[in-house]
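Visitor: Please take a close look at the salt bridges in this structure. Which residues take part, and where do they lie?

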Amino acid sequence: MFQKLSLRLRSLFRSPAVDRELDQELDNEIRYHLDMQTQDFVRRGIPEKQAAILARRQFGNATLHKEECRDARHLAWLENLVQDFRHGVRTLRRDPGFTIVSVLTLALGIGATSALFSVLDAALLHPLSVHESARLVWLQEFSPGHNESGSNPARLADWQTARSFSAAAGFYSEGLIWLSPHGPLQLQLLRTVGDMNAVLQAKIQLGRSFTAAEIRGEGQPVTLLTHSAFSRRFQSNPAILNQILRLDRTAYQVVGVLSSDLDYPEDIDLWSPSPREIQQTSRAAGFLGIVARLAPGVMLSQAQAELDVLSARLANQFPATDRDRSAALTPLTTHVSEGVRKPLLLLFAAVAGVLLVGCLNIAGLLLARGLARRREAAIRVSVGAGHARLVRLFFAESLSLAAAGCLLGLLLAVAGVAFLKAVLPSEVPHLAAISLNLRVVLCGIGLSLLAAIVFGALPAWQFAAGAQNPALKRTRQSRLRSSLVISEVAGSVVLLVVAALLAASFLKLRSQPAGFNSANAYTFALELPWDTDAGILDSAAQDTLSRLNAFPGVISAGVVDRLPLHGGSQSNVFVVRGMTLPSSIAQQEFGLRTASPGFFAAAGIPLTAGSLYRDWQGSQGPREALISQHLATILFPNEDPVGREIAPAGKKEPHWFRIVGVVGSVASHPTDSEPAAEIYIPWGATYWPLLNFVVRTTRPLADVSRFVHEQIQQNNTSQIYSPVATLSERIAETRSTPRTAALLVSGFALVALALAALGIFGLMAHETARRTQEIGVRLALGAEPESIAFDAVWRAVKLVAVGLVLGLAAAWYASVLLQSLLFEVAPHDAYSYAAAAAVLLLAAVIASLVPALRAARINPIQALRHE
Amino acid sequence: MSKPSDLVQGTLNLLILKILALEPQHGWAISQRLRQISSEVLQVSDGSLYPALHKLEQESLIKADWQTTENNRRAKFYSLTPTGKRALARESQSWERLSGAISQIVRLTEI
């Protein structure tokens, strides 16, 4: 079969010379046959002349047979097709304006769609390359009041008894310092509780997995290297096996290397079982993330039902810690892409909208071109082209267009992927690994083919319709073009509305009262392992702060557990001494932050009442607290909070903190307009090994950076400080998803708008050309040129108005889907709709102005001679 | 113009293969053999033999080369390829099955 095809394909590309030679051979062969037959007749006694005639008669129509032989030699249809394609390319080359616009439009649409599809493919469709990842679930616990909370080893042990799971394990991560031969490096360590390998079923590339005793945290500390750390940090040298790796103050024995196809959890250098004492933490703690593998044949809903029963039992068994707690399962593949799913789908929808508008635009151009080529088609038919051949010709043309668009589009997609990698927030799973793979390329090719079929069908249909009543045809086609422009307008309006809503939402987000002043404030962090001694933490904080305060130009410096808007470190239910809180407030969780007194001035958070607390001294300190303005209005609406005592609830012996002052509220969450209701207690009062330093200074960033590097980092090589950034930068990070979404969708909307404007321009220019004679008559009869121009613009506006109404209605329905992505902006925000409509109308007027002015300048005499 | 019908075309191919299975032949000789075997049944012009030959050649069932004949003229000789041999075996088998089935049916209606 293959051989046959290759033979015929070869014949297709045979040079004309070879073809001539073959024809010559065929002639020779037939002549030989006729000669032999004639001789045969002569031998039977027929005169030579007659014999030749007889032989020829017996042979039949020689020309026809030769033709059939040639057909046998060639793959006729394929040859015709190649011819059609050559013709298609030739016609496209004759009309470069049309070709360039269409190919670019198509390339832009396909490039953008393919680029986004590659992100979608990596982040949403194939987020995990773990063995049977569909069977993995993420177990999320909820504290009373349905707040997400972490789990702990004791509760994990209870979840492990669930029969729905074949295995369940917990993990948390730590940054550890490794004194590598090339200087200190921070490594990301995954602490496991339970048998993580049984859950993920990760292959071991080298060495062995953890033993049961090691998993319990017993014996010498051991570690497994992930493949990326093995290749990046250890140059894939197998000699590392069984070596001792000293991380911070602990020596770990390397027992194995994980295989390369494991990509969960992301950005981890090594695994190590959590130490025994941490595995014995109380049921009140919350720091573990839990993943589980469903037992064979168990459905997610069945597992969830078992968990619900288990939760109820635990609530009875441990009322102090487990009451009103619940747990919910989500597929792990969904969990890892949860935060980015909606924005990515939105971007994909937007980009598909651009592609659609682009295709409508090309369709409009093709229709216009079809009108111009009526005569050509008529000539082709009259010289014998069949309808089928003519339709094929149109398809060949659109296929050539699509092929060029596809090729250029895929090139654009390569650039697009690089661009998206740079702008998309790092929460997108596999962001670094995104590339144009085979699936994406096939998707691009599929889209182009689809486009080609649609574009090809249109002029073909136009031609078929034109074979009937020509007058009818003209109105029908003008109507068709108008409806194409209307659809383009409607599509761009939807995109414009979405862009306007997202932009409005982002602006609201950015202008929400932050409650702090990020100008002239810089920040850097020090992340220490969770088993660091409190004393070491304390001295690291004190030492760094005193060095910072000694740096000339520093106004204030402080340390805090988490930066504003980066989420609270802990939250809790609180009690106030001598006061019975209403039950709604008594059950509400409020944020708890620890900060040194200098933090407030450094971050520009004002003190509104009372005074700041004093510094925590060593293991004991003044039990003083500050509360945020918002919390003050919730807890003490009618009295002075200063002097009151407050404590985290749930302890037999409450640790009271005396409120010494009130500070301004900071914004609590990037997408929450409610200011934070928080309690600040002195740095050191609770254990927290993540130190965020904030420094306010008149010096520029470079000075602060150099100072931190030379004066602090150099004197302390066993710890690694993060690079210094401006506080504004770190705050902007929390809004990067909405900002990127708003920017990208606005970009797409502008492209769609430009395409729609192009469509309007094309239609109006064509209309003007068609009406040249009519306009000439009007001018000759005394019409004002202004009114002619106004009339042309008015026609465009009327057309656009229809698309506008349709588009606004569609946006009205579509924007409801956006709700969860919007901050303080209603999906039916009137300003956004009005802005979108105004922008579109303006574009329509501008686009129709050029043809309108041309109409007004028509010379009546020439116009009357037109055609 | 007598263009062989599909059925005849099919049998024509089979006959050509059968003739070439005996020995390599040139076009005219094949046509003579055809005439001998089935002169009155297959009403085809000599010319329609050639498209069939060329098609079979394209399909690699037969191959052709130019040789000198006994009367010292160059002629195109066709011979069976291994693929052609297999095709012949397959085709004749299915032909026998088909013709057997048809004659059975024909006999049935006669009763």
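Guide: What follows concerns the salt bridges of chain A. This is a predicted model, in which local features need pLDDT of at least 70 and side-chain atom pairs count only at pLDDT 80 or more, while totals for chains, interfaces and linings use all residues. Side-chain values use heavy atoms, with hydrogens and water left out; residues are numbered from 1 along each chain as its sequence is written.

Over all chains there are 27 salt bridges (a side-chain nitrogen of Lys or Arg within 4 Å of a carboxyl oxygen of Asp or Glu). One of them joins A:D158 to A:R283, with the closest N and O atoms 2.9 Å apart. A:D158 belongs to helix α7 (residues 153-160) and A:R283 to the loop between α11 (276-279) and β10 (289-294), so this pair ties together parts that are 125 residues apart in sequence. Helices (H or I, at least four residues) and strands (E, at least two) are DSSP runs, numbered from the N terminus.

A:R283 also forms a salt bridge with A:D322, at 2.7 Å between the closest N and O atoms. A:D322 sits in helix α13 (residues 319-322), 39 residues from A:R283. Both A:R283 and A:D322 are buried, as is A:D158 (buried is under 20% relative accessible area, exposed over 50%, partly exposed in between, with a 1.4 Å probe and protein chains only). These three residues belong to a salt-bridge network that also includes A:E141, A:R155 and A:R325.

Another salt bridge pairs A:D269 with A:R232 (3.6 Å, N to O). A:D269 lies in the loop between β8 (250-258) and β9 (270-273), and A:R232 in helix α10 (residues 227-233), so the pair ties together parts 37 residues apart in sequence. A:D269 is buried at 4% relative accessibility, whereas A:R232 is exposed at 51%.

Key
Chains are lettered from A and ligands numbered from 1 in the order in which they are written.
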